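I sat down with this one to go through its parts and keep notes as I went. Here is the structure I had open.

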Amino acid sequence: MTATAPITQDVLTIPRKLPEGQVNIVGLTRDQLRAALIEIGTPEKQAKMRVNQIWQWLYHWGVRDFAEMTNLAKDYRAKLAEHFEIAVPEVVSRDVSADGTRKYLVRIAGGHEVETVYIPETDRGTLCISSQVGCTLTCSFCHTGTQKLVRNLTAGEIVGQIMLARDDLDEWPEPGVGTGEAGPRLLSNIVLMGMGEPLYNFDAVRDAMKIAMDGEGIALSRRRITLSTSGVVPEIARAAEEIGCLLAVSFHATTDEVRDKLVPINKKWNIETLLAALRDYPRLSNSERITFEYVMLKDVNDSDADARRLVKLIQGIPAKINLIPFNEWPGAPYQRSDWERIEAFADIVYKAGYASPIRTPRGEDIMAACGQLKSATERARKSRAQIAAETGQS
Ligand code: SAH
Ligand code: SF4
């Protein structure tokens, strides 16, 4: 271990069981839902059909009350309500940027908070969702990485972020009034680029994305979901196999010396190891390129030599390089590269044959841009013991 903060996966996961004994039905996979229905007495023969019915109400129509599930018998609806609840995280506040970006401060069980950001564009709308409260990693340019408090989100809390955004965008179809499939979707893409390292909360992220991709519900294509990782090498292949979404990697440096400082997980899995895992990515193809994210930090990683090293390193990997102008936060130890520098860097990458879009910062005025997220939970600075007590874990 190094003298700096250790790389750890030590986070708390709260149990699904709610204090009142009711189970939140949101976030259960089809198999889990089936088992839960059988457990409350649903005959096995009917279970598959009941799952389909409930699933459509929850994820296609966005219904939040069992009483509205009108194709189920009344007494069965009552039974469901007795054992389950339909809970999505609560929106504590909503900020809207001058550019239309919406940032939701979302409260989850235990009083913790995460942030979810909706970014409208002309041809799409992207929801940036969080996978953890805070992050166990400590990338030196990332605001989230400075947050002490960390816990994994449950699958329900992850898919719940999509549901609450659809609530706010009023994007659920209305029963009996058509399916709302006529125009382009307001919420058409998902990026797992909010707070947290998604590959350190693998199972919940996978289950939530499976629910989001299910054709009978939210029905987002796997090609419209991008998971961003700082480079958790052993989980990368699994992401392709078990989720099947697109992959983005927070690369950010072209030497181990610099990457060790910016993305400390590099000390565990260095550039060479990471690139080998990406070369082996089971879904790698020209149509499903890997996005290399590269934050532009003045005089740290933004030289012409860096750009040349970068294209040499990734040679042979179908890739696009997404250049992210550094977004400042209070006390940040870096500055954004000058615009001319970013363009010069982009030009070298482009001439080497890679798309090199520069990410326009969105929602800066409401601290919603990449890497600016850090929930107010930080204020509390509770001890792990306190949180464990609150969430019923020993
Ligand atoms: N933990 C994951 C996903 C969340 S961060 C990961 O690290 O990939 C999403 C992207 O924003 C990452 O590429 C991250 O490196 C970048 N980022 C973090 N802080 C930033 C900042 N202050 N300015 C610009 N980009 C930042
Ligand atoms: Fe965590 Fe990603 Fe921020 Fe690094 S950049 S601290 S991995 S959220």
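My entries follow, from the whole chain down to single residues.

**Whole chain**

I am working from a predicted model, so I keep that in mind throughout. I counted through the protein chain and got 12 helices and 13 strands. Of its 394 residues, 54% are buried. I also looked at how far apart in sequence the contacts reach. Among contacts with a separation of 6 or more, 68% join residues 24 or more positions apart.

**Strand 10**

I wanted to know how many residues of strand 10 are buried. The count is 5 of the 5 in residues 225–229, so the strand is largely enclosed by the rest of the structure. Side chains in a regular strand alternate between the two faces of the sheet. I therefore checked each face of strand 10 separately, using the rule that buried means under 20% relative accessible area. I225, L227 and T229 are buried on one side, and T226 and S228 are buried on the other.

Next I looked up the pairing partners. Strand 9, residues 189–192, runs parallel to strand 10, with 3 bridges between the two. I noted V191 and T226 as bridge partners here. Between these strands the chain passes through helix 5 (residues 202–213), and the β-α-β crossover is right-handed.

Strand 11 (residues 246–250) also pairs with strand 10 in the parallel sense, over 4 bridges. In this pairing S228 sits opposite A248. The link is helix 6, residues 233–243, and with strands 10 and 11 it forms a β-α-β unit that is right-handed as well.

**H252**

Moving on past strand 11, I stopped at H252, in the loop that leads to helix 7 (256–262). Its phi is positive, near 70°, and the residue is not a glycine. Is H252 buried or exposed? It has a relative accessible area of 4%, so I put it down as buried.

**The loop between strand 12 and helix 9**

Two residues in this loop got my attention: D299 and N301. D299 is another non-glycine residue with a positive phi, near 60°. At 69% relative accessible area, D299 is exposed. N301, by contrast, has 0% relative accessibility and so counts as buried.

What does the side chain of N301 reach? I found the backbone nitrogen of L297 at 3.0 Å. Then I listed what N301 touches beyond four places in sequence: H252, L262, Y294, V295, M296, D306 and F345. So H252 from my earlier entry turns up again, as one of the residues touched by N301.

**Helix 9**

D306, one of the N301 contacts, belongs to the buried set of helix 9, along with A307, L310 and V311. Looking down the axis of helix 9, I see these buried residues fall within an arc of 130°, so they line one face of the helix. The cover over them includes strand 12, strand 13 and helix 10.

**Helix 10**

I took helix 10 next, residues 339–351. Its 13 residues reach 18 Å from first C-alpha to last, close to the 18 Å expected at 1.5 Å a residue. The buried residues I noted in helix 10 are I342, F345, A346 and V349. Viewed down the axis, the buried residues of helix 10 fall within an arc of 100°, so they line one face. F345 is also on the list of residues that N301 touches.

Which elements do the buried residues of helix 10 pack against? I get strand 12 (290–296), helix 9 (304–313) and strand 13 (319–325). On the face turned away from that buried side I find the exposed residues E340 and K351. After the helix comes G353, with a positive phi near 105°.

**N322**

My last stop was N322, in strand 13. With a relative accessible area of 11%, N322 is buried. Leaving out neighbours within four places in sequence, N322 contacts T291, F292, E293, Y294, P357 and R359. Y294 is on the contact list of N301 too. I also took one C-alpha distance: N322 and Y354 are 32 residues apart along the chain, and their C-alpha atoms are separated by 10.0 Å.

Key. Residues are numbered from 1 along each chain as its sequence is written. Chains are lettered from A and ligands numbered from 1 in the order in which they are written. This is a predicted model: local features need pLDDT of at least 70, side-chain atom pairs count only at pLDDT 80 or more; totals for chains, interfaces and linings use all residues. Side-chain values use heavy atoms; hydrogens and water are left out. The expected span of a helix is 1.5 Å times one less than its number of residues. Buried means under 20% relative accessible area, exposed over 50%, partly exposed in between (1.4 Å probe, protein chains only). The arc is that of the directions from the helix axis to the C-beta atoms. Contact means heavy atoms within 4.5 Å. Two strands pair if DSSP finds at least two bridges between them. A crossover is right-handed if, with the strands pointing away from the viewer, the path from the first strand over the helix to the second runs clockwise. A polar contact is a pair of N or O atoms within 3.5 Å; within protein, one must be able to donate a hydrogen and the other to accept it, and residues adjacent in sequence count only if both atoms are side-chain atoms.
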